[in-house]
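Open the model in your viewer and keep the selection tool at hand. The stops below are meant to be taken in order.

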Amino acid sequence: MNEGTPGAMIDVALFRLRRIWSRPLRVRRAEEPQRPVQMSNVMVVHAVHKLSLDVPEVTVGAVAEQLDVDPSTASRLVNDAIGAGLVEREESAVDARRARLVLSERGRRVLEVVVRHRRTYLDGLMADWDEQDREVFARLLTRFADAAIARPASPANLDRLIAETLAETPASS
């Protein structure tokens, strides 16, 4: 593997960032008190908020698509967020057979504090960068994210490649 390519360097950096980014809201060790809000709650709050900007009613199915999880997983995550008082179910104005999801006041406050915390953290990481570097980085990272959304990786292709690799490799005993 060529680790010196831009793609390889970005892959390593994104993997490291994913682990660091989720750490502040991860479940703590048994001897530490449980956090009042888990990362999964924050993910649901973000999803409900973002979807509410784009669609007239947010449903569990829409949250599943937004989070790229199975509907049953989304249902559990939404129920956890409702249990934490961050999301509320309301009667749908479109279809009486379903419910719509909205952020509670508590959910809006949590969203605001999480976003403010992350942005303050990011500003601190780039505090010694000049303004031009920050602007270029922001523009390129946004462009990169837009490209990733427009052309998502194919999990089926990865599954096929892994299956082929495992078929070629003798199993260790």
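The tour goes through helix packing, the nonpolar core and three loop residues of this predicted model.

**Stop 1: α2 against α3**

Select residues 39–54, which form helix α2, and residues 60–67, which form helix α3. The two axes come within 10 Å and cross at roughly 110°. Since angles of 65 to 115 degrees count as roughly perpendicular, α2 and α3 are therefore roughly perpendicular to each other. Now show side chains at the contact: on α2, pick Met-43, Val-44, Ala-47, Val-48, Lys-50 and Leu-51. Their partners on α3 are Ala-62, Val-63, Gln-66 and Leu-67. By class, the residues of this contact are 8 nonpolar, 1 polar and 1 charged.

**Stop 2: the largest nonpolar core**

Stay with Val-44, Val-48 and Val-63, and add Leu-86, Val-87 and Leu-101. Within the largest nonpolar core, which has 23 residues, these six touch the most other members. Which elements give two or more residues to this core? They are α2, α3, α4 (71–83), β2 (99–103) and α5 (105–125). The largest share comes from α2, with 6 residues.

Centre the view on Val-63. Leaving out residues up to four places away in sequence, Val-63 touches Ala-47, Val-48 and Leu-51, together with Val-58, Ala-74, Val-78 and Leu-101.

**Stop 3: α2 against α5**

Keep α2 displayed and bring in α5. Their axes are 10 Å apart, and the helices pack at an angle of about 105°. That makes α2 roughly perpendicular to α5. On the α2 side, select Val-42, Val-45, His-46 and His-49. On the α5 side, select Gly-107, Leu-111, Val-114, Val-115 and Arg-118. The residues of the contact divide into 5 nonpolar, 3 polar and 1 charged.

**Stop 4: Ser-104**

Move to the loop between β2 and α5, where Ser-104 is found. Is Ser-104 buried or exposed? Its relative accessible area is 4%, so Ser-104 is buried. A polar atom of the Ser-104 side chain lies 2.9 Å from the backbone nitrogen of Gly-107, and Gly-107 also belongs to the contact of α2 with α5. To see what else surrounds Ser-104, select Gly-85, Leu-86, Val-87 and Glu-88, its contacts once neighbours within four places in sequence are set aside. Leu-86 and Val-87 are already familiar from the core.

**Stop 5: Glu-57**

Next, select Glu-57 in the loop between α2 and α3. With a relative accessible area of 11%, Glu-57 falls under the 20% limit and is therefore buried. What does the side chain of Glu-57 make a polar contact with? The partner is the side chain of Ser-92, at 2.5 Å. In addition, the backbone nitrogen of Ala-93 lies 2.7 Å from a polar atom of the Glu-57 side chain. Ser-92 and Ala-93 are among the residues that Glu-57 touches beyond four places in sequence. To complete that set, add Val-94, Arg-98 and Arg-100.

**Stop 6: Asp-68**

Finish in the loop between α3 and α4, at Asp-68. Check the backbone here: the phi of Asp-68 is positive, about 60°, although the residue is not a glycine. Most residues other than glycine have a negative phi. Turn on the surface as well: at 71% relative accessibility, Asp-68 counts as exposed, whereas Ser-104 and Glu-57 are buried.

Key
Residues are numbered from 1 along each chain as its sequence is written. This is a predicted model: local features need pLDDT of at least 70, side-chain atom pairs count only at pLDDT 80 or more; totals for chains, interfaces and linings use all residues. Side-chain values use heavy atoms; hydrogens and water are left out. Axes are lines fitted to C-alpha atoms, for helices over the stretch in contact, and angles run from 0 to 180 degrees between N-to-C directions. Helices (H or I, at least four residues) and strands (E, at least two) are DSSP runs, numbered from the N terminus. Angles under 35 degrees count as roughly parallel, over 145 as roughly antiparallel, 65 to 115 as roughly perpendicular and the rest as oblique. Contact means heavy atoms within 4.5 Å. Ala, Val, Leu, Ile, Met, Phe, Trp, Tyr, Cys and Pro count as nonpolar, Asp, Glu, Lys and Arg as charged, and the others, Gly among them, as polar. A nonpolar core is a set of buried Ala, Val, Leu, Ile, Met, Phe, Trp, Tyr and Cys residues joined through side-chain atoms within 4.5 Å. Buried means under 20% relative accessible area, exposed over 50%, partly exposed in between (1.4 Å probe, protein chains only). A polar contact is a pair of N or O atoms within 3.5 Å; within protein, one must be able to donate a hydrogen and the other to accept it, and residues adjacent in sequence count only if both atoms are side-chain atoms.
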